[in-house]
Every structure is written in structure tokens, then in C-alpha cells.
Amino acid sequence: MSRIGNNPIAIPEGTTVEVRDNIITVKGKLGELSQEFSSVKIKVEDGQVWITRPSDSKDDRTKHGLYRSLVFNMVKGVSKGWTKELELVGVGYRASNQGQKLDLALGFSHNIIIDLAPEVKVETTSEKGKNPTIKLTSHDKQLIGQVAAKIRSFRKPEPYKGKGIKFVGEQLRRKAGKSA
């Protein structure tokens, strides 16, 4: 039995949830998101969203928890927003942005310039004595995760010195070097 799927989702003030023709649309102060769904029933009543499944088949049980999580992420995204922070660890690694263009210097012969989606806001900070950081904010959790993963893929952290792009607070698995 799905424990996650049975929990109702509270709708915060200023957020509206609409269900029409197997598409759920969530509108809030930060934006609007919609998601297509199947094999579950979604009801909005008394300021809460309830998700129920028609049967106990394996497919219905898996989608029950999945769609509950997706709707929860949509509601939280349009009301509070999502944030991901990346840290550049390495000598000479730099990040700067002009509007929606992110410029990364990661030790390659040329800088990497990325055009970000308009839904993702980017902010870079570089303080002396600290590693440069990239802060991404958006109302769409899936999009911000995809953008952060793309940025991280340019220079993944290596296990010996820890150089590369990592999430803030991420624990890296370090290896010992050669023993002399």
C-alpha cells in the first residue's frame, strides 16, 4: 500500500489547482505548471488535493505515489520555489553570468557558455578565499534538476583531489592516492 500516495497535499494561500481532462494545472505567485496523468483520480476539496487509485495492481500502485510526489513538487514550486546550489572546486575555476547566459571557466581551452531557460534564474558569487558558487532558482523542480545536472556534467568531481563541480553539501567519496 502506498504510504506517500495516501497523504493529502495542502494547497497554500494564493495557489489554485485545476483538474481537467487528465491534466492537472497548478497556478501560483511564481508561475504555472501543468502535468498529464493517467490511472489515478485527483480530487480538489477543502483546500487539499487527494489522489486515489482505482485498483491495487502494480502499475496503479506505482503511479499513485509518483503522481502524488509530482503534484506536491508542483504546488511547492509555484508557491515557494526550488533552489539548487553548485560549487566549483579547483584552481582557476570561475563562473559568471550576464542575464540568462552562464559563462564557466573549467580548465578547458575555451570557456563554456550556456543559455539557460527563462524559467531558471541564475546567480553567481565569487568571494576571495572561497570557491565560486552558482545558485539556480525556479518554480519547476524537474527543469532545475536537469539544468543543474547538465552544468555538473561538464566537470564532475574527481575522487582524488575533489576538483570539479559539486552540489553544495554533497559528500564526495574520496580515494587515497598512490602510496610511495
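## A tour by selection

Start with Leu104, which stands opposite Ile112 in β10. The model on your screen is a predicted one.

**Stop 1: the sheet around Leu104**

Select residues 101-105, which make up strand β9, and then add β10. These two strands pair in the antiparallel sense, over four bridges. Strands of a sheet pair through backbone hydrogen bonds, in either a parallel or an antiparallel way. Now add residues 94-98, strand β8. With β8 included you have an open sheet of three strands, in the order β8-β9-β10, with antiparallel pairing. Which strands form the edges of this sheet? They are β8 and β10 (112-115), and each pairs on one side only. From one strand to the next, the twist averages 20°.

**Stop 2: the whole protein**

Zoom out and show everything as a cartoon. The protein has three helices and 13 strands. A box of roughly 60 × 40 × 25 Å, taken along the principal axes, is filled by its C-alpha atoms. The radius of gyration is 21 Å, whereas a compact globule of 180 residues would have one near 16 Å.

**Stop 3: a second sheet**

Select β2, β3 and β4. They form an open sheet of three strands in the order β2-β3-β4, again with antiparallel pairing. Its edge strands are β2 and β4 (31-36), each pairing on one side only. Neighbouring strands here are turned by 15° against each other on average, direction ignored.

Go through the pairs in turn. β2 and β3 are joined over five bridges in the antiparallel sense, and one place to look is Val19, whose bridge partner in β3 is Ile24. The two strands form a hairpin with two residues between them. In that turn, click on Asp21: its phi is positive, at about 55°. On the other side, β3 and β4 pair over six bridges, also antiparallel. Here Lys27 stands opposite Glu32 in β4.

In a regular strand, side chains alternate between the two faces of the sheet. Turn on side chains if you want to look for this pattern.

**Stop 4: a cavity**

Stay with β2 and β3. How many cavities of 30 Å³ or more are there? The count comes to one. The volume of the largest cavity is about 40 Å³. To find the place, select Thr16, Val17, Glu18, Thr25 and Lys27, which line the largest cavity. The elements giving two or more residues to this lining are β2 (16-20) and β3 (23-28). The largest share, three residues, comes from β2. By type, the lining divides into one nonpolar, two polar and two charged residues.

**Stop 5: another hairpin**

Select residues 41-45, strand β5, and residues 48-52, strand β6. They run antiparallel and are joined by five bridges. In β6, Ile51 is the bridge partner of Ile42. This hairpin has two residues between its strands, and Asp46 takes a positive phi near 55°.

**Stop 6: a helix**

Last, select residues 58-79, helix α2, which has 22 residues. Its first and last C-alpha atoms are 32 Å apart, close to the 32 Å expected at 1.5 Å a residue. You can check this with the distance tool of your viewer. After α2 comes Gly81, whose phi is positive, near 95°.

Definitions and conventions: Residues are numbered from 1 along each chain as its sequence is written. This is a predicted model: local features need pLDDT of at least 70, side-chain atom pairs count only at pLDDT 80 or more; totals for chains, interfaces and linings use all residues. Side-chain values use heavy atoms; hydrogens and water are left out. Two strands pair if DSSP finds at least two bridges between them. Axes are lines fitted to C-alpha atoms, for helices over the stretch in contact, and angles run from 0 to 180 degrees between N-to-C directions. The expected span of a helix is 1.5 Å times one less than its number of residues. On a 1 Å grid over the protein atoms alone, a cavity is a set of points where a 1.4 Å probe fits but cannot get out, and a pocket is an open set with protein on both sides within 12 Å along at least five of seven lines; lining residues have an atom within 4 Å of a point. Grid points are joined across faces, edges and corners, and a volume is the space filled by probe spheres set on the points. Ala, Val, Leu, Ile, Met, Phe, Trp, Tyr, Cys and Pro count as nonpolar, Asp, Glu, Lys and Arg as charged, and the others, Gly among them, as polar. The radius of gyration is taken over C-alpha atoms; the globule rule is 2.2 Å times the number of residues to the power 0.38.
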